[in-house]
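Hi everyone, thanks for coming. Let me put the sequence and structure up on the screen, and then I'll walk you through it.

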Amino acid sequence: MKRFSWFNATALSFGFAFLYIPMIVLVVYSFNESRLVTVWAGFSTKWYAELFRDQAFLDAAWVTLRVAFFSSTIATVLGTMAAHAIVRAGRFPGRTLFSGMIYAPLVMPEVITGLSLLLLFIGLGIDRGVLTVVLAHTTFAMCYVSVVVSSRLATFDTALEEAARDLGATPFQAFRLVTLPIIAPAVISGWLLAFTLSLDDLVIASFTTGPGATTLPIKIFSAVRLGVSPQINALSTLLIVAVSVGVITASLVTKRNAVRRAREERAADQLA
Amino acid sequence: MRAETRIGFILLLTPLVLWLGLLIVIPHIDMALISLRERISFGVYEPSLAQYEKALTEPLYLRTFGRTAVMSVLATAITLLVAFPVAYYIAKMAKGRLQQVLFLLCLIPFYVSELVRTFGWMILLRETGLISSLMQWVGLADQPVEMLYNDAAMMVGLVYTSMLFMVVPLVTTLESLDDSVIEAGYDLGGNGWSVLREIIIPHAMPGVVSGCIVVFMLSLGNYLTPTMLGGKDSLWFTEMIYNQFIVRSNWELGAAFGFMLLVLSSAIVWGMLRLTGRTLQETMG
């Protein structure tokens, strides 16, 4: 499409300005000496220093990282298994119900996931804390992992797996030695997605957490509701930088892999 | 299936079914059962439809329910209008490296926590915030203007949060549209508007549908944005559920609200899928 119109260019810049201005404002004002947004009192990193002296924030960050690590790891294992079952098993009794259960949390409001789990934990008499948040996050993140992995599995050449089986591998060996290395990029991006979702989640965590397991989003939310806090600007900036670095690295790695795969396929074609 | 494969398959499925059954199916059944009972006295419950009766007759509850649905539809429509040109530019105008960079630029805000992005909007819109002081400086206002805590601010927040979920499916469908078809439309005497209406939009329809479903669901189920940016009278249905549960400890009514939200959202998704003849799996993938 060569027709360039000012309308499109304007709409595009408007769209991106809309996306980025709030974040740019946060980053800029995290370096503001003054507590007020309207006054620029000079460059300063004092809010960062204050953030790292605040034990409550550090504790919340540690809880959040632990929850995100464990839930995304378990979710990746379960999500990959689920994707395998949906894509590979063909028709089996209850398949629709099973895939419905897998995909339900994707479209279900988080509030409902959170409150139904709260009722379950109370009903079973489980003390709410880090463990319950991990269980809750695993449950909703595994759906996202299985979506990412099953879209990769759908384009996967099953002949490779069958060859391994014909050569005497057990199903598990065939999966570990043949399938897993090939779908690894999708599994890794599924893990990253699960990790980010867990880091971000406020609603499900507030329903399922208990005393002593305050996650960072819960802490930020209550700080923001209490009023202006430049420390939150500093923390937000750190999160924005971490996420941007992560996303850009991930996309560069994926691109390099794609280039390498294309080169290898060309080489294989020449040999054949 | 060979016997060995079948055993492997059962081994694969058992932990999944247990996990999903325990943490998704049972909690929802539990929620439904709780919504269908009434507290008679301490620890004594009786099955009844009282919660639903209360939910459907109390004007405040009903109004909030309706308002949340209408506002979510509006948010979906605005998101579509904002996201379409962006998606079109990324899919059709930008080439090569620029295309990848723009797509990445769309992705980054999605990965940054919703809380952080909403907080950014609060800094911009609040009474002592950037836009208010900018307006005073330019002379558009002679005193601080409060732009937070109203429906417009909430709408901005909802559109912002959902934009990526509209852009991605639109880009995917628009990319598959052959440029020469658009050229042909112009060559046959079409103008920008008729080409858009008769060629581009019909082709992008599957993307429009999946984008709209996802955005609608996200808006309907959003808790953070209405709470942080919305005002006293822009109560969101999810806030009401949260309040019944956490603030008032009225589980029965909270569960009934939760069930109503679940039914409303499933009905709308089901209806839209029916209308367009697609499956949920296709739409989400």
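**Helices, rings and cysteines in two chains**

Let's begin with residues 102-124 of chain A: this span is 91% helix and 0% strand, with its end C-alpha atoms 23 Å apart. Helices here (H or I, at least four residues) and strands (E, at least two) are DSSP runs, numbered from the N terminus.

A quick word on ground rules before I go on. This is a predicted model, in which local features need pLDDT of at least 70 and side-chain atom pairs count only at pLDDT 80 or more, while totals for chains, interfaces and linings use all residues. Residues are numbered from 1 along each chain as its sequence is written, chains are lettered from A and ligands numbered from 1 in the order in which they are written, and side-chain values use heavy atoms, with hydrogens and water left out.

Now, the records. In an unreviewed entry, UniProt lists "transmembrane region" for chain A at residues 12-31, 67-90, 102-124, 130-153, 174-194 and 232-253. UniProt positions follow the numbering used here, feature names are shortened, and annotations may be inferred rather than shown by experiment. One of the listed spans, 174-194 of chain A, is 100% helix and 0% strand in the model, and 26 Å separate its end C-alpha atoms.

For chain B, the same kind of label, again from an unreviewed UniProt entry, covers residues 7-29, 69-90, 102-124, 152-171, 204-224 and 253-273. Residues 7-29 of chain B come out as 100% helix and 0% strand, with end C-alpha atoms 30 Å apart. Residues 152-171 of chain B are also 100% helix and 0% strand, and there the ends are 27 Å apart. UniProt further places "domain: ABC transmembrane type-1" (unreviewed entry) at residues 65-272 of chain B. That span is 81% helix and 0% strand, and its end C-alpha atoms lie 20 Å apart.

Back to chain A, which is divided into domain 1 (58-227) and domain 2 (240-272); such bounds come from an automatic or database domain assignment. The centres of those two domains of chain A, taken over C-alpha atoms, are 25 Å apart.

Have a look at helix H7 of chain A, residues 158-166, where Glu161(A), Ala164(A) and Arg165(A) are buried. Buried means under 20% relative accessible area, exposed over 50%, and partly exposed in between, with a 1.4 Å probe and protein chains only. Down the axis of H7(A), the buried residues fall within an arc of 100°, so they line one face of the helix; the arc is that of the directions from the helix axis to the C-beta atoms. After H7(A) comes Gly168(A), with a positive phi near 100°.

On to the aromatics. How many aromatic pairs are there over all chains? The count is 18, where rings of Phe, Tyr and Trp (its six-membered ring) pair if their centres lie within 6.5 Å, and planes under 30 degrees apart count as stacked, over 60 as edge-to-face and the rest as tilted. Take Phe18(A) and Tyr160(B): their ring centres are 5.4 Å apart and their planes at 75°, so this pair is edge-to-face. The pair crosses between chains, from helix H1 (residues 6-29) of chain A to helix H7 (residues 151-175) of chain B. Phe18(A) is buried at 13% relative accessible area, and Tyr160(B) is buried at 3%.

A second pair is Tyr223(B) with Tyr242(B), with centres 4.9 Å apart and planes at 35°, so it is tilted. Tyr223(B) sits in the loop between helix H9 (192-220) and helix H10 (224-229) of chain B, and Tyr242(B) in helix H11 (residues 237-247) of chain B, 19 residues apart. Both Tyr223(B) and Tyr242(B) are buried. They belong to one aromatic cluster with Phe207(A), Phe221(A), Phe245(B) and Trp251(B).

Last stop, the cysteines. Across all chains, the search finds zero disulfides, a disulfide being a pair of cysteine sulfur atoms within 2.5 Å. Why is Cys106(B) unbonded? The closest cysteine sulfur, in Cys212(B), is 17 Å from its own, too far for a bond. Cys106(B) is buried at 4% relative accessible area, and Cys212(B) is buried too, at 13%.

That's my tour, so over to you!
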